[in-house]
Every structure is written in C-alpha cells, then in structure tokens.
Amino acid sequence: MLTIGVDVGGTSVRAGVVDQHGEILEIHRVPTPATSTELNAAVADTVRALSDRYPVAGVGLAVAGFVSEDRRVVRFAPHLAWRHVAVADELADRLGLPVVLEHDANAAAVAEQRFGAAAGALVAALVAIGTGIGSALVINGEVFRGAYGIAPELGHLRVVPAGRPCSCGKRGCWERYCSGTALAATAAELRQEEPGAPVEQTGVEVARAAEAGDPVARRAVADLARWLGEGLALVTDVYDPEVVVIAGGVSDSAHLFLDDAREYYATAITGAGHRPLARIAVAHYGDSAAMIGSAALAREHALTKAPHLT
C-alpha cells in the first residue's frame with residue numbers, strides 16, 4: 001500500500017509517496033503560503049501532483065505545532081497560518097482520501113521506530129535539536145501524545161533555575177542550553193572575554209569553527225554536550241527508554257559532541273553504574289523522517305477506514 005506523507009514547514013510543503021517499507025518513491029514540494037486558505041490549497045495541490053500518478057490510499061500531515069488529541073485539528077502552529085483549523089477533515093473532503101495529522105516530531109519518531117535508528121524499540125525518545133528542541137516519546141511501541149495531544153515538551157524542562165530567558169515565557173529551559181540557538185549564545189558569551197573577537201555567529205557557524213579547531217567554539221560545543229547529557233539523564237529518569245534518537249539540524253555535527261554527551265549522561269542518571277543505559281543514536285532519516293512517519297500513520301489510518309486494503 002502506498003501513502004503520501006506531507007511535511008508542512010514554515011518555508012516549504014514537501015509531500016512524498018512512501019511504500020510500506022519506508023522508502024520514498026517521489027517527492028513534490030511548493031513554497032508555504034501565508035494564509036490558511038492558501039495553505040490548504042497548496043497542500044491539496046501538492047498531494048494531487050502525486051496521487052494523480054500513484055495509487056495512494058491515504059495522506060498524513062506532519063505539522064510543527066499543537067495537534068488535537070483526535071489528530072483532526074491544528075490548534076496552533078507558530079510558523080504556519082493555521083489556528084484552530086479542522087485541517088484533516090477539510091483536506092479529506094478536497095482529496096477524497098483519508099487524512100490524519102501528527103506533530104512533526106512524533107511523525108519523525110514513528111519513522112525512526114518503524115524503520116530507522118530505533119527500529120523495534122518498545123520505549124524510545126526522539127530529541128530533535130535545531131533552533132530549539134522538538135521531542136517525541138514512543139511507549140509500548142506507540143507514540144505518547146498526552147491527554148490533549150500536546151506531550152512531550154521536553155525542550156522546556158527547566159534545567160537552570162532563573163537561567164536564560166526562553167520564548168515560552170520561562171527561564172532556564174533545556175533548549176536554551178542545548179540547541180543551535182544555545183550554541184550561538186554560549187559562543188557569544190565566551191567571546192565577549194576576547195577583545196576584537198567576532199560575537200555574532202549562528203549555531204552552524206560555531207559548529208564549523210569548532211570543526212576547524214577554534215578553541216572558543218570548541219568550548220561552546222563542549223557546553224552543549226554537557227547539557228545534552230544532563231537533559232537526557234532527566235528524560236531517562238522519567239521514561240527509561242531503550243534508545244534515544246538525536247535528530248534535527250544540530251545532529252549533523254553529532255561527531256563533535258555525542259561521545260562527550262554520552263559520558264555526561266552515563267554519570268548523571270539516577271543509579272549511575274548500576275543500571276542499563278539507553279542507546280543514544282543519530283537519526284537515520286534526517287529531514288525526511290516526518291514525511292516517512294506521517295505516511296506510515298496515514299497507512300494505519302487508511303486501514304481503519306477500509307480494512308480490506310493491503
């Protein structure tokens with residue numbers, strides 16, 4: 001059975017035809033429009049560009065935002081125009097196909113748990129480190145969404161009381177110390193001690209500087225590694241996962257920090273030295289994971305609507 005997974009991002013809408021093994025057959029993309037009406041139309045057109053040529057059974061949408069517990073409504077998406085919009089039902093009517101929504105981190109976790117770095121794990125966590133931290137949990141082989149479809153917001157665990165301010169309104173959130181934004185902030189703080197040194201750098205630029213041997217950038221990366229390990233210890237103390245998948249743009253530089261993060265993690269968990277450690281792995285599917293995972297969820301949703309499909 002073929003299904004379409006759609007990654008609805010702030011810059012582009014990417015749709016992919018995906019088979020039952022998680023292989024992408026073809027991708028089509030368009031720019032993300034600014035209004036809700038135009039966004040609905042763009043998603044529908046993107047899907048039709050593929051469904052006209054492939055016999056697809058359903059559509060899954062991965063969205064960076066709050067999705068209702070029944071996975072029909074986008075309540076809020078900070079980089080998209082949808083606000084309390086019944087996206088799944090509206091698109092199903094347009095397309096004549098079953099449609100299901102999912103948070104993009106949850107969709108990525110589904111891809112990694114079904115086909116990728118966490119394949120077969122019953123209890124797994126995904127931590128997507130980018131501008132902030134996106135996260136997902138798989139418990140007993142199923143995505144854990146919480147009572148209202150919002151869980152988990154691991155990036156907003158408070159790790160430093162009265163620490164750096166966060167856009168969520170709190171201070172000291174994990175993502176303020178472990179993200180691309182945090183990497184840039186830490187490097188800027190360190191470089192203030194050096195007259196004439198460049199202060200404004202992005203997280204990507206800091207990682208490149210660390211790769212090239214810049215001592216301040218290396219210190220910033222080491223700080224990120226420490227906070228990654230500390231945060232993963234908190235997650236492990238609560239959920240005890242078999243595997244933690246590190247995803248997101250910062251994972252491209254994992255070779256700079258992941259070994260150190262594992263060491264911090266191993267000493268920071270409760271009962272260190274007397275319990276099994278979660279395997280910490282880099283995501284297999286990169287920026288395609290949300291498409292693949294949402295397509296897998298679309299397949300399951302389609303089967304509930306038409307059990308005769310195979």
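Here are a few notes to help you find your way around this predicted model.

1. A good place to start is S294, which sits in helix α8, spanning residues 289-305. Its relative accessibility is 1%, so S294 counts as buried, the cut-off for that being under 20%.

2. What surrounds S294? Leaving aside residues up to four places away in sequence, S294 touches G5, V6, G60, L61, A62 and A107. There is also a polar link to look for: the S294 side chain reaches the backbone oxygen of M291 at 3.1 Å.

3. Next, have a look at strands β2 (residues 12-18) and β3 (residues 24-31). They pair in the antiparallel sense, with seven bridges. Together β2 and β3 form a hairpin, and five residues lie between the two strands. In the turn you will find G22, whose phi is positive, at about 85 degrees. If you want a pair to anchor your view, V18 stands opposite I24 in β3.

4. Now turn to the surface. Which residues make the nonpolar patch there? F66, F76, Y148 and I150 do, and the patch covers about 380 Å².

5. Within that patch, Y148 deserves its own glance. Y148 belongs to the loop between β11 (142-143) and α4 (180-191). Is Y148 buried or exposed? With a relative accessible area of 57%, Y148 is exposed, because the cut-off for exposed is over 50%. Set beside Y148, S294 gives you the opposite case, as S294 is buried at 1% relative accessibility.

Key
Residues are numbered from 1 along each chain as its sequence is written. This is a predicted model: local features need pLDDT of at least 70, side-chain atom pairs count only at pLDDT 80 or more; totals for chains, interfaces and linings use all residues. Side-chain values use heavy atoms; hydrogens and water are left out. Helices (H or I, at least four residues) and strands (E, at least two) are DSSP runs, numbered from the N terminus. Buried means under 20% relative accessible area, exposed over 50%, partly exposed in between (1.4 Å probe, protein chains only). A polar contact is a pair of N or O atoms within 3.5 Å; within protein, one must be able to donate a hydrogen and the other to accept it, and residues adjacent in sequence count only if both atoms are side-chain atoms. Contact means heavy atoms within 4.5 Å. Two strands pair if DSSP finds at least two bridges between them. Patches are made of residues with over 30% relative accessible area and no salt bridge: like charges are joined within 9 Å, nonpolar side chains (Val, Leu, Ile, Met, Phe, Trp, Tyr) within 5 Å. Accessible areas come from the Shrake-Rupley method with a 1.4 Å probe; for residues, only the protein chains shown count as cover. A salt bridge is a side-chain nitrogen of Lys or Arg within 4 Å of a carboxyl oxygen of Asp or Glu.
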